[in-house]
Amino acid sequence: DRMYCDAADSKRRRATQTVMHEILHSMIPLLAPITVFTADEAWEFLGHKASVHLERFPRPDASQDAPDIIALMDQVLELRGVIGQAVEKARKENLIGNALEGKVVLTVKDAQTLAWLGSHLEDAEEFFILSDLTVLPGDADSAEIARTERGRCARCWRHRDSVGRIEAHAELCDRCAEVVEKNSNDGEAIRATAAGG
């Protein structure tokens with residue numbers, strides 16, 4: 001979502017691009033023995049002159065070890081499965097057409113995971129591909145879904161409270177309106193400079 005909808009120079013988008021770049025640089029050499037020609041073309045596309053087949057396999061970086069984060073992400077991935085099952089059930093019942101139309105109440109038993117989700121709700125919504133998420137403590141992990149009453153943004157398709165409240169961009173959420181406005185102002189400044197204004 002952030003790759004398509006955040007501003008081109010936003011820190012979130014740039015951070016995501018960095019991670020994707022690092023993953024690609026590790027994955028291409030690993031895939032090279034299996035996808036020989038494709039891996040070489042991808043490696044060349046990244047700007048390397050020598051063949052990927054001359055590279056060594058990437059080595060684990062001990063400074064990147066983070067067992068606490070890995071354990072947390074394992075929990076979050078399990079919750080993604082819980083939400084996915086609830087979304088599929090709601091779709092079969094014609095309650096929603098897709099996950100973005102759902103208002104999800106996620107009950108979480110693990111206190112650390114609950115705390116992290118509560119303090120990173122926007123990131124959690126993006127990770128779970130949701131528009132409207134509430135997290136609550138409980139005895140078991142579960143998800144309940146109702147249809148959200150929020151308006152749908154015409155640009156990012158997420159359902160947000162801010163849709164319809166921005167006079168200049170009534171069909172957009174606040175994030176998308178800000179990006180469109182910034183791009184519009186940047187475009188005007190470029191056109192003015194090109195015209196000598």
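Let's start at Ile129, which is partly exposed, with a relative accessible area of 46%. This is a predicted model, and Ile129 is a handy way into it. The residue sits in the loop between H6 and E2, and it comes right after H6 with a positive phi, near 60 degrees. Most residues other than glycine have a negative phi, and Ile129 is a residue other than glycine with a positive value. Trp157 is another case: its phi is near 70 degrees, again positive in a residue other than glycine. You'll find Trp157 in the loop between E4 and E5.

Now step back from Ile129 into H6 itself. Which residues of H6 are buried? Ala124, Glu125, Glu126 and Phe128 are. Phe128 is worth a stop, since the structure holds one aromatic pair. A pair of aromatic rings is described by the distance of the centres and the angle of the planes. Here the rings belong to Phe127 and Phe128; their centres are 5.6 Å apart and their planes stand at 65 degrees, so the pair is edge-to-face. The cut-off for that label is an angle over 60 degrees. The two partners differ in exposure: Phe127 counts as partly exposed at 27% relative accessibility, while Phe128 counts as buried at 6%.

Phe128 also leads us to H4, as it is among the residues that Leu79 touches. Leu79 is found in helix H4 and is buried, with a relative accessible area of 1%. Not counting residues up to four places away in sequence, Leu79 touches Leu106, Val108, Thr113, Leu117, Phe128 and Asp141. For a sense of distance, take Ala50: it is 29 residues from Leu79 along the chain, and the two C-alpha atoms are separated by 43 Å.

Two of those neighbours, Thr113 and Leu117, belong to the H5 side of a helix contact. Two packed helices are described by the angle between their axes and the distance between the axes. For helix H4 (residues 67-92) and helix H5 (residues 111-119), the axes come within 10 Å and cross at roughly 80 degrees. That angle makes H4 roughly perpendicular to H5. On the H4 side the contact is made by Leu72, Gln75, Val76 and Leu79, and on the H5 side by Thr113, Trp116 and Leu117. What classes of residue make up the contact of H4 with H5? There are five nonpolar residues, two polar ones and no charged ones. As for the spacing of the H4 residues, an α-helix has 3.6 residues a turn, so residues three or four places apart point the same way.

Charged side chains do turn up elsewhere, and the count comes to 16 salt bridges. One of them brings us back to H6: Arg12 forms a salt bridge with Glu126, with the closest N and O atoms 3.1 Å apart. Arg12 lies in helix H2 (residues 11-31) and Glu126 in helix H6 (residues 121-128), so this pair ties together parts that are 114 residues apart in sequence. Buried or exposed? Arg12 is partly exposed, with a relative accessible area of 23%, whereas Glu126 is buried, at 15%.

The pair of Lys89 and Glu93 is another salt bridge, with 3.9 Å between the closest N and O atoms. Lys89 counts as exposed at 53% relative accessibility, and Glu93 counts as exposed at 52%. Next come Arg150 and Asp132, whose side chains meet in a salt bridge at 3.6 Å, N to O. This pair links distant parts of the chain, with Arg150 in the loop between strand E3 (142-147) and strand E4 (151-152), Asp132 in strand E2 (residues 132-137), and their positions 18 residues apart. Arg150 counts as partly exposed at 23% relative accessibility, but Asp132 counts as buried at 7%. Salt bridges that share partners also build one network, joining Asp1, Arg2, Asp6, Arg12, Glu122, Asp123, Glu125, Glu126, Arg158, Arg160 and Arg175.

Our last stop is Ala170, in the loop between strand E5 (159-160) and helix H7 (174-194). Ala170 is partly exposed, with a relative accessible area of 38%. Leaving aside neighbours within four places in sequence, Ala170 is in contact with Val163 and Gly164. Ile34, by contrast, is 136 residues from Ala170 in sequence and 50 Å away in space, C-alpha to C-alpha.

How values were computed. Residues are numbered from 1 along each chain as its sequence is written. Side-chain values use heavy atoms; hydrogens and water are left out. Axes are lines fitted to C-alpha atoms, for helices over the stretch in contact, and angles run from 0 to 180 degrees between N-to-C directions. Helices (H or I, at least four residues) and strands (E, at least two) are DSSP runs, numbered from the N terminus. Angles under 35 degrees count as roughly parallel, over 145 as roughly antiparallel, 65 to 115 as roughly perpendicular and the rest as oblique. Contact means heavy atoms within 4.5 Å. Ala, Val, Leu, Ile, Met, Phe, Trp, Tyr, Cys and Pro count as nonpolar, Asp, Glu, Lys and Arg as charged, and the others, Gly among them, as polar. A salt bridge is a side-chain nitrogen of Lys or Arg within 4 Å of a carboxyl oxygen of Asp or Glu. Buried means under 20% relative accessible area, exposed over 50%, partly exposed in between (1.4 Å probe, protein chains only). Rings of Phe, Tyr and Trp (its six-membered ring) pair if their centres lie within 6.5 Å; planes under 30 degrees apart count as stacked, over 60 as edge-to-face and the rest as tilted.
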